[in-house]
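Okay, thanks for making time for this one. I'll put the structure up and then walk you through it piece by piece.

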Amino acid sequence: MQTSPDTKNKITVHTLAELGPLPMKVALGCSTLLLVAFVLGVMSENGMEKFAFSYLQSTFFFLSISLGALFFVMIQQLTRAGWSVVLRRLSEFIAMGVIPLAVLVLPIVLVTLAGNDILYQWASAKNIAADHLLQAKAPYLNSGFFAVRYLIYFGSWIFLARYFLNKSVAQDENGDPELTLLMERRSGPALLLYSFTLSFAAIDFIMALDPHWFSTIFGIYYFAAGLVGFFSMLAISLIYLRSKGLLKEPVTIEHLHDVGKLLFAFNCFWAYIAISQYLLIWYANIPEETIFFLHRQEHGWGTVSLILVIGHFAIPFVFFMSRWMKRNPKALFFWAVYLLVMNWVDIFWLVMPNAKLEGVSFGMILVDVCCTIGVGGLYVAGILKLAGQNSVMPVRDPRLEESLEFHNI
Amino acid sequence: MATTIEQPEKTKAEPELLGLLAEFDDPSALIEASKKVRDAGYRQWDTHTPFPLHGIDEAMGIKWTILPWIVAACGLTGGTIAVGMQYWMNAVDYPFLISGKPLFSIPACIPITFELSVLLAAFGAFFGMLALNQLPKLYNPLFKSDAFRRATNDRFFISMDARDAKFSEIDSGEFLNSLNPLNVEEFWSDVESPKLPRNLILALSLVGVFLIIPPALVAYKRSTTTNNPRIHIVPDMDFQPSLKAQNTTNLFPDGREVRPNIEGTIPRGQYKDDNIPFFYGLQHLPEDQDVIGIALQDEKKTDPKQADEKKADEKKADAAKAPAAKPAVPDAAAIEASRLDKLPWVTEFPMPVTEKMMARGKERYRIFCSACHGLGGEGDGLVTLRAMGLLQGTWVKPASYHTDNVRKLPVGRLYHTITHGVRKMPAYGPQIPPEDRWAIVLYLRALQKSHQIDANTIPEAEKRKLRDTK
């Protein structure tokens, strides 16, 4: 497809600021629930434990979404994708969510650095002294190195998210096609950095909650979960923005269809990774590995596991497969919200059983939901703030024309 | 031109009008023209473009493809075959228990089910697409048109089939001309059917001949015998350098592959001297330690020849003869028996006796002992019954527990018998851990008691239970 030299004349620039102050107010309003969760945690029995794990779960739920967005942005540049240009800027905004999240995760790192073992057993010298395995793993699992790695991970992600957003925004101004080529060249090494940091972050922050257990596929499991979360989030935001009149012209049913296809595909990918992890552990039947699934079959966690198998995979696989579901904005919106909730349950299932609490309880879920909404409020507010006055679409991308003309058939 | 039809011989088929071909030089013109052809009600026609054209499906009025349904059906078939096959193979046709795992379980089935579903779905998609497009089509009469060659380069065509109900040479030609094409031409069927080139036929027959060779070789090898040893495809697996039990090796000076315990060491978990009653069934260790390891041998040592004779004149050999031959000379076995009798056996269980221990003993007894000794301990297990039925003569019937001799034996002695064996009974020490051996002794005692109990001592409730049991 040929590109027109200056598409800016034809397309009016929209910004998220046109939504008015309401979204920001709602987001900040929601963030007060974080305090509610904290108070609930303080008041109830084992409350601090509930709150700490819920907080970790909430931040890493939103982190998975932002990391999914970062991956999407880079892979689009790397593959010279044309179709996705109209929705790439929105993905760049979502990827910027790593900045508020870096601040939100900081307390977890500080608490660990102070030697508190509420989340991580290996943070306290007393636990290490009592456990041979923790001693053996101490060169890696120690709070100092943990804090350094936190800086590396979030530093890398913030750098990548800002780099791809800033270059893309710069192109809005000067329309220089060289920037597209530059981003294409940079996205390869960037993806390498991304995959290493993501895998190790998943291992450090979630897998290390149980330092005795290990799974080599854990990083990619978190990655798969994140992509499901991101495509759900993308579909929800696109449909919301279209309903508010932003992106209504450029983003057509065809684009929504493709986002739906990717959401469906990565949901299957998630299931594939999940069964790959389960199958090997189940088949080898070694106690030190099966302990992970044993925890998740007892004290009500079995129900949550089944919800994941049936709700996260089987139901969407059967009902979301149809073309009609993905081409109908209302149906797509439903499935996106549904799978976002399922992604939340997935991270809940990964994190919460590690808390030394007896099974799933209503109190735990209540604290967790409040915490998630609270963290989510800050997360969305941060994204809105960082998006600022930038256009919601890369208006002078050389492949914009191709994206505007995109047809599935 | 029309006069040439006057040909005398009618043997050759006349060329037949197959349809019309309209040529356009840009995609939007083709789409506009297609819409008109569609609206005019033609059904058997097609468009030809050098690249996939967005919107042509709609312009031609092509119905949504049924391919997804074919793919879904193939995928479901694959999944069903995979699950069915695995169930039939693993649970029905050749059940093979591996370390207590279930014969059929869903997680183990998932990889193959997934692969086969995907495979058949992909076949369905690929071959379904070919079939729906009527491919492969090696020849099309359109290929004869020189103009049509540019269909893969920069021209766009509409071809209209003469078999269409609405088709007529003149009307359709006029209609196509009204669409503003570059030109419209007719295309005709061939007078002679096209023939395959000779070289191709030769090459294909050669390939065919070569293809026969492997199955022919297989058939030949299968129907003949050979003196050559088999081919070892993976010699490293067939001849492993690892040492095996009961073999010799040059690696160690004594030539044994199985290594003895190192002098002055005790294997892990084998230190027994801190609890002699528990591990040996003795109050204290005797001076002569060799006695402990004695497994009492059969008192009547009959060599195989005698056994054969015995079998031959079985009718003569009546019951009275056998005991008469028994107490011949006080042989080695009798001496050992007396030495064993003198050992200081424990008479009480060296641990607290619990309900749990009894249950464990019952379970272990049924696993290890009942096959020969029978569920009730009368020495009538299934193996015994079968061996007696075969009349082999080498089988020594296991002792019943319900004789005064066995009843009088101290528990330590019973424990020793399980550990080291007696007569034909092998040692079970290596297989059954000490606590389980004691549990079995406990259950054995219970069996003995059950055969010799005064009805008056049984509580009324138990009696009722016994009466009701059928």
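Start at A:Phe231: if you skip its neighbours within four places in sequence, A:Phe231 is in contact with A:Val259, A:Leu262, A:Leu263 and A:Phe266. One thing to keep in mind throughout is that this is a predicted model.

So where does A:Phe231 sit in the bigger picture? The largest nonpolar core has 115 residues, and A:Phe231 is one of those touching the most other members, along with A:Leu70, A:Leu238, A:Leu263 and A:Val351. The largest share of this core comes from α3(A), with 16 residues. And the usual background applies: in soluble globular proteins, nonpolar side chains tend to be buried together.

Let me zoom out to chain A as a whole. Chain A has 17 helices and zero strands. It has 409 residues, and 43% of them count as buried. If you take the contacts in chain A with a separation of 6 or more, 81% are between residues 24 or more positions apart.

Now two helices in there. With α4(A), eleven of its eleven residues are buried, so to speak a mostly covered helix. That list has the nonpolar names you'd guess, including A:Val85, A:Leu87, A:Phe93 and A:Ile94, but look at what else is in it: A:Arg88, A:Arg89 and A:Glu92 are buried as well.

Then there's α5(A), residues 98-113. How far apart are its end C-alpha atoms? They are 21 Å apart, and at 1.5 Å a residue the 16 residues should span 22 Å, so the two agree. There is a kink in α5(A), though: about 30 degrees, at A:Val105, shortly before the proline A:Pro107.

A:Val105 is also one of the buried residues of α5(A), and so are A:Val98, A:Ile99, A:Pro100, A:Leu101, A:Ala102, A:Leu104, A:Ile108 and A:Thr112. As a reminder on helix geometry, there are 3.6 residues a turn, so residues three or four places apart point the same way. What covers those buried residues? The cover includes α3, α4, α8 and α16 of chain A, so α4(A) and α3(A) come up again here. After α5(A) comes A:Gly115, with a positive phi near 90 degrees.

Over to chain B. Chain B comes to 17 helices and four strands. Of its 470 residues, 16% count as buried. For contacts in chain B with a separation of 6 or more, residues 24 or more positions apart account for 73%.

The strand to look at is β1(B), residues 17-24. Is β1(B) enclosed or open? Six of its eight residues are buried, so β1(B) is largely enclosed by the rest of the structure. On one hand, β1(B) is joined to β4(B), residues 183-188, by six bridges, antiparallel. On the other, six bridges join β1(B) to β3(B), residues 156-161, and that pair is antiparallel too. If you want a single residue to click on, take B:Leu21: its bridge partner in β4(B) is B:Glu185, and its bridge partner in β3(B) is B:Ser159.

A few backbone oddities next. Most residues other than glycine have a negative phi, and most peptide bonds are trans. Where's the cis bond, then? A cis peptide bond joins B:Leu135 and B:Pro136, with omega about -5 degrees, and B:Pro136 lies in the loop between α4 and β3 of chain B.

For positive phi outside glycine, there's A:His299, at about 50 degrees, in the loop between α12 and α13 of chain A. A:His299 has 14 C-beta neighbours inside 10 Å, so A:His299 counts as partly exposed. Then B:Asn180, whose phi is positive and near 60 degrees, sits in the loop between α5 and β4 of chain B. B:Asn180 has 11 C-beta neighbours inside 10 Å, which means B:Asn180 counts as exposed.

Last stop, the place where the chains meet. How many residues are in contact there? Six residues of chain B contact seven residues of chain A. On the chain B side, α4(B) gives the largest share, four residues. By class, that side of chain B has four nonpolar residues, one polar and one charged.

That's my tour, so let's look around the model together.

Note on methods: Residues are numbered from 1 along each chain as its sequence is written. Chains are lettered from A and ligands numbered from 1 in the order in which they are written. This is a predicted model: local features need pLDDT of at least 70, side-chain atom pairs count only at pLDDT 80 or more; totals for chains, interfaces and linings use all residues. Helices (H or I, at least four residues) and strands (E, at least two) are DSSP runs, numbered from the N terminus. The expected span of a helix is 1.5 Å times one less than its number of residues. The bend at a residue is the angle between axes fitted to the seven residues ending there and the seven starting there. A residue is buried if 20 or more other C-beta atoms lie within 10 Å of its own, exposed if 12 or fewer, and partly exposed in between; C-beta atoms are placed from the backbone. Two residues are in contact if their C-beta atoms, placed from the backbone, lie within 7 Å. Two strands pair if DSSP finds at least two bridges between them. A nonpolar core is a set of buried Ala, Val, Leu, Ile, Met, Phe, Trp, Tyr and Cys residues joined through C-beta atoms within 7 Å. Ala, Val, Leu, Ile, Met, Phe, Trp, Tyr, Cys and Pro count as nonpolar, Asp, Glu, Lys and Arg as charged, and the others, Gly among them, as polar.
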